[in-house]
Amino acid sequence: MQSWNHSSKRHRGTLRAVRVLFIGDVVGSPGRRGFERSMPGLRERHSPDLVIVNGENSAGGLGITEGTAEELFAAGADVITTGNHVYKHRDAYEYLDRAERVVRPANYPAGNPGRGHTVVAVAEQRVGVVNLSGAVQLKVARSPFAEIDAILARLDGEADVVIVDFHAEVTSEKVAMGWHLDGRVGAVFGTHTHVPTADARVLPGGTAYISDAGMTGSRAGVIGVKREQALEAFLTQMPVRFETAEEDVWVMGAAVEIGPNGLAESIEQVLVSAPD
């Protein structure tokens with residue numbers, strides 16, 4: 001896996017399909033271990049050319065560090081996306097600036113640490129991976145819709161395929177983004193809520209879409225944290241220190257095959273129990 005900076009267009013007849021495995025929000029060390037243990041089976045089942053992992057909750061359930069990112073890379077990730085917790089750990093800022101295959105929401109302020117998209121060479125294709133944050137109930141500098149339009153214009157001639165991780169709170173905003181990008185990108189994977197949705201499909205224009213890919217973490221808790229702590233917070237309305245739940249770890253996401261035309265041919269939801 002390497003970065004690709006070549007900007008000339010190529011004849012699509014020379015390209016082959018690309019298989020992309022996208023893994024939803026990895027939550028803490030249980031999620032990291034579950035991802036690592038599950039990758040051999042996932043590779044056998046889906047034969048991915050590119051593995052994209054959302055790692056914004058990989059460090060103790062909130063944020064990402066150089067250590068947790070490198071652990072995900074060692075376990076099989078090729079590109080790591082993030083979200084609203086990306087800046088939780090200040091000591092990761094320098095890493096975000098130099099890590100070419102870790103991306104943060106592109107519609108954050110331009111001077112913030114990190115980059116909003118990357119382009120990697122995969123299976124003789126140039127794949128652009130873009131991270132966006134929703135604007136509804138989350139803080140952003142620019143509309144994700146205008147931002148992705150600008151990025152696609154910049155990637156014209158630099159990427160054969162574009163994949164989008166849309167890290168957003170509100171389902172309606174995610175669905176709208178899917179329609180906005182239908183026929184223009186290979187796939188739109190929704191992230192952030194940690195609960196997988198049942199709407200995986202290829203839209204009429206050829207874009208694979210799912211509102212939320214889910215999480216890679218414990219189903220015994222509440223979106224990855226210990227259930228008794230989450231219940232205490234809801235019942236008492238008092239501050240509670242959350243800890244990552246550890247039992248019944250599942251890996252969630254989606255596998256997409258993208259044809260030589262840069263559009264999706266299929267999408268399959270991934271919901272597997274991590275091996276012990």
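User: In which helix does Arg32 lie?

Analyst: The model is predicted. In this model, the stretch of residues 28–46 forms a helix, and Arg32 belongs to that stretch. The helix that holds Arg32 is H1.

User: Is Arg32 buried or exposed?

Analyst: The relative accessibility of Arg32 is 13%. Buried means under 20% relative accessible area, so Arg32 at 13% counts as buried.

User: With which residues is Arg32 in contact, leaving aside its neighbours within four places in sequence?

Analyst: Arg32 lies in H1. Once neighbours within four places in sequence are set aside, the contacts of Arg32 are Val26, Ser58, Ala59, Thr68, Glu71 and Leu72.

User: What is the strand order of the open sheet of 6 strands?

Analyst: The pairing within this open sheet is mixed. Strand E5 (117–122) and strand E9 (201–202) each pair on one side only, as edge strands. The order is E5-E6-E7-E8-E10-E9.

User: In which sense do E5 and strand E6 pair, parallel or antiparallel?

Analyst: Strands of a sheet pair through backbone hydrogen bonds, either parallel or antiparallel. E6 spans residues 125–133 and shares 6 bridges with E5. Val120 stands opposite Val127 of E6. The sense of the E5 and E6 pairing is antiparallel.

User: At about what angle does helix H5 run to E7?

Analyst: Helix H4 (residues 144–155) lies across E5, E6 and strand E7 (161–167), at about 160° to E6. Helix H5 (residues 171–181) lies across E6, E7, strand E8 (187–191), E9 and strand E10 (208–210). The angle of H5 to E7 is about 165°.

User: Is Ala208 buried or exposed?

Analyst: Ala208 is found in strand E10. Its contacts, apart from neighbours within four places in sequence, include Val188, Val202, Val256 and Ala264. Because the relative accessible area of Ala208 is 0%, and the limit for burial is under 20%, Ala208 is buried.

User: What distance separates the C-alpha atoms of Ala208 and Ile267?

Analyst: Ala208 and Ile267 are 59 residues apart along the chain. Ile267 is also among the residues in contact with Ala208. Their C-alpha atoms are separated by 6.1 Å.

User: How many of the residues that line the largest pocket are charged?

Analyst: The largest pocket holds about 570 Å³ of space. Of its 24 lining residues, Gly61, Leu62, Ile223, Val225 and Phe242 are the closest to its centre. The lining divides into 9 nonpolar and 10 polar residues, and the number of charged residues is 5.

Note on methods. Residues are numbered from 1 along each chain as its sequence is written. This is a predicted model: local features need pLDDT of at least 70, side-chain atom pairs count only at pLDDT 80 or more; totals for chains, interfaces and linings use all residues. Side-chain values use heavy atoms; hydrogens and water are left out. Two strands pair if DSSP finds at least two bridges between them. Helices (H or I, at least four residues) and strands (E, at least two) are DSSP runs, numbered from the N terminus. Contact means heavy atoms within 4.5 Å. Axes are lines fitted to C-alpha atoms, for helices over the stretch in contact, and angles run from 0 to 180 degrees between N-to-C directions. On a 1 Å grid over the protein atoms alone, a cavity is a set of points where a 1.4 Å probe fits but cannot get out, and a pocket is an open set with protein on both sides within 12 Å along at least five of seven lines; lining residues have an atom within 4 Å of a point. Grid points are joined across faces, edges and corners, and a volume is the space filled by probe spheres set on the points. Ala, Val, Leu, Ile, Met, Phe, Trp, Tyr, Cys and Pro count as nonpolar, Asp, Glu, Lys and Arg as charged, and the others, Gly among them, as polar. Buried means under 20% relative accessible area, exposed over 50%, partly exposed in between (1.4 Å probe, protein chains only).
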